[in-house]
Amino acid sequence: MTSYFGQDEQARTLLDAAAGGRMHHGWILAGPKGIGKAAFARAAALRLLADAAGPSFQSSGLDVPEDHRIARLFASGAHPDYAELERLEKDNGDYARNISVDQVRGLQRLFSNVPSFSDRRVIVIDSADDLERGAANALLKNLEEPPAGTIFLLVSHAPARLLPTIRSRCRLLRFSPLPDDQMRQVLRQNLPDLADDGEMEALIAMGQGSPGRALEFAGLGLAQVESLMREILTTGDLDNSRRLMLAKMLSPKAARPRYEALLERGPAFIAAAARAREGRPLATAVDAWEQARSLAAGAVILSLDPSSVVFELCSLIAGMADVREAA
């Protein structure tokens, strides 16, 4: 429930503030979507509540022993000093578009009583980007006059879009994409049956430091797609065989998820290749990236023929190989 990877510096910042009596009542956990900010927020909430309630324990980072009384209560979802706001699930399995004002106002029931186990309460909002306008204003009132001992942890993928008055009343804690070794740890934990190292590396490339993003593409067999793109980049695919193979592979309706994965991966693949270039090859790669990004952005919206899109996208990659060999 509270498992997270990396972000050691962020954990130290939070715990040092709490231990030093400088704990701000509002924190914005900011960074790309899918890198584990929400898991970090829940782990931080548990650690803060456990530290405040006792008994004390020795632990690195945000870890709390599983047999700690607060950990057991937290895991059961019954901790009276903790609340989490997120979009509600509807009867049809979909989720509400926003976190409503009624959800935020519902926190007043929590604030109307003193904390049960210590002088501390923690509220996690996942994510603050989902707050409807009225909900954001209602939250702002709590941030302006925070209930005693209450800590707000606001997950945000785009903090610049939050109300300026909310940002000004919170401390910003920035999160970065995970390095590849930590990505492997997350993927191995979540995909224990994944034995294909090539597929693992393809998912890491797709994720670009975001485990959540990588997991969205699990099971699509992207290693083959990644391998063919690399072969096109290396050889230029002079006989078009690899481009045609990918176009045939990704054009059927049943292959739509893999096709959309290529649309996301293609521009990033070109950008990664461009970083190793300079001079004219770099200029060509940048031009290819701009064309690939434009093509991928409009492919689904404009209902372009998948076979043609795949062939054109791979031709941009092939063109980079021609320039490199000529240079």
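**Exercise 1. A salt bridge in α13**

Which residue forms a salt bridge with Arg 256, and how far apart are the closest N and O atoms?

*Solution.* Keep in mind that you are working with a predicted model. Start at Arg 256 and look for its partner: Glu 260 forms the salt bridge, with the closest N and O atoms 3.0 Å apart. That is inside the 4 Å cut-off for a salt bridge. Next, place the pair in the fold. Arg 256 and Glu 260 both belong to helix α13 (residues 256–274), where 4 residues, about one turn of the helix, separate them. Finally, check the exposure of each partner. Arg 256 is partly exposed, its relative accessible area being 37%, and Glu 260 is partly exposed at 34%.

**Exercise 2. The length of α11**

Work out whether the end-to-end distance of helix α11 agrees with its number of residues.

*Solution.* Helix α11 runs over residues 222–235, which makes 14 residues. The expected span is 1.5 Å times one less than the number of residues, and for α11 this should come to 20 Å. Now compare the model: the end C-alpha atoms of α11 are 20 Å apart, which agrees. Just after the helix comes Gly 236, with a positive phi near 85°.

**Exercise 3. Inside and outside on α11**

List the buried residues of α11, then find the salt bridge that Arg 230 makes with Glu 226 and describe its setting.

*Solution.* First, the buried set: Leu 222, Ala 223, Val 225, Glu 226, Leu 228, Met 229, Ile 232 and Leu 233. A charged residue, Glu 226, is among them. Residues three or four places apart in an α-helix point the same way, because there are 3.6 residues a turn. With that in mind, look at the pair. Arg 230 and Glu 226 are 4 residues apart in α11, or about one helical turn, and their side chains meet in a salt bridge at 3.2 Å, N to O. Now compare the two partners. Glu 226 has a relative accessible area of 8% and is buried, whereas Arg 230, at 44%, is partly exposed.

**Exercise 4. From α11 to α12**

Find the salt bridge between Glu 231 and Arg 242 and say which elements it links.

*Solution.* The closest N and O atoms of Glu 231 and Arg 242 are 2.7 Å apart. This pair links distant parts of the chain, 11 residues apart: Glu 231 sits in helix α11 and Arg 242 in helix α12 (residues 241–250). Both ends are partly exposed, Glu 231 at 31% and Arg 242 at 23%. Then widen the view: Glu 231, Asp 237, Arg 242 and Arg 243 are linked in a network of salt bridges. Across the structure there are 13 salt bridges.

**Exercise 5. Two phenylalanine pairs**

Classify the ring pairs Phe 40 with Phe 175 and Phe 111 with Phe 152.

*Solution.* The structure has 3 aromatic pairs. In one of them, the rings of Phe 40 and Phe 175 have centres 4.8 Å apart and planes at 75°, so the pair is edge-to-face. Phe 40 lies in helix α2 (residues 37–53) and Phe 175 in the loop between β5 (171–174) and α8 (180–190), so the pair ties together parts 135 residues apart in sequence. Both Phe 40 and Phe 175 are buried.

Then take Phe 111 and Phe 152: at 6.3 Å centre to centre and 70° between the planes, this pair is edge-to-face. Phe 111 is in helix α5 (residues 108–111) and Phe 152 in strand β4 (residues 150–156), 41 residues apart. Phe 111 is buried at 13% relative accessible area, and Phe 152 is buried at 0%.

Notes:
Residues are numbered from 1 along each chain as its sequence is written. This is a predicted model: local features need pLDDT of at least 70, side-chain atom pairs count only at pLDDT 80 or more; totals for chains, interfaces and linings use all residues. Side-chain values use heavy atoms; hydrogens and water are left out. Helices (H or I, at least four residues) and strands (E, at least two) are DSSP runs, numbered from the N terminus. Buried means under 20% relative accessible area, exposed over 50%, partly exposed in between (1.4 Å probe, protein chains only). Rings of Phe, Tyr and Trp (its six-membered ring) pair if their centres lie within 6.5 Å; planes under 30 degrees apart count as stacked, over 60 as edge-to-face and the rest as tilted.
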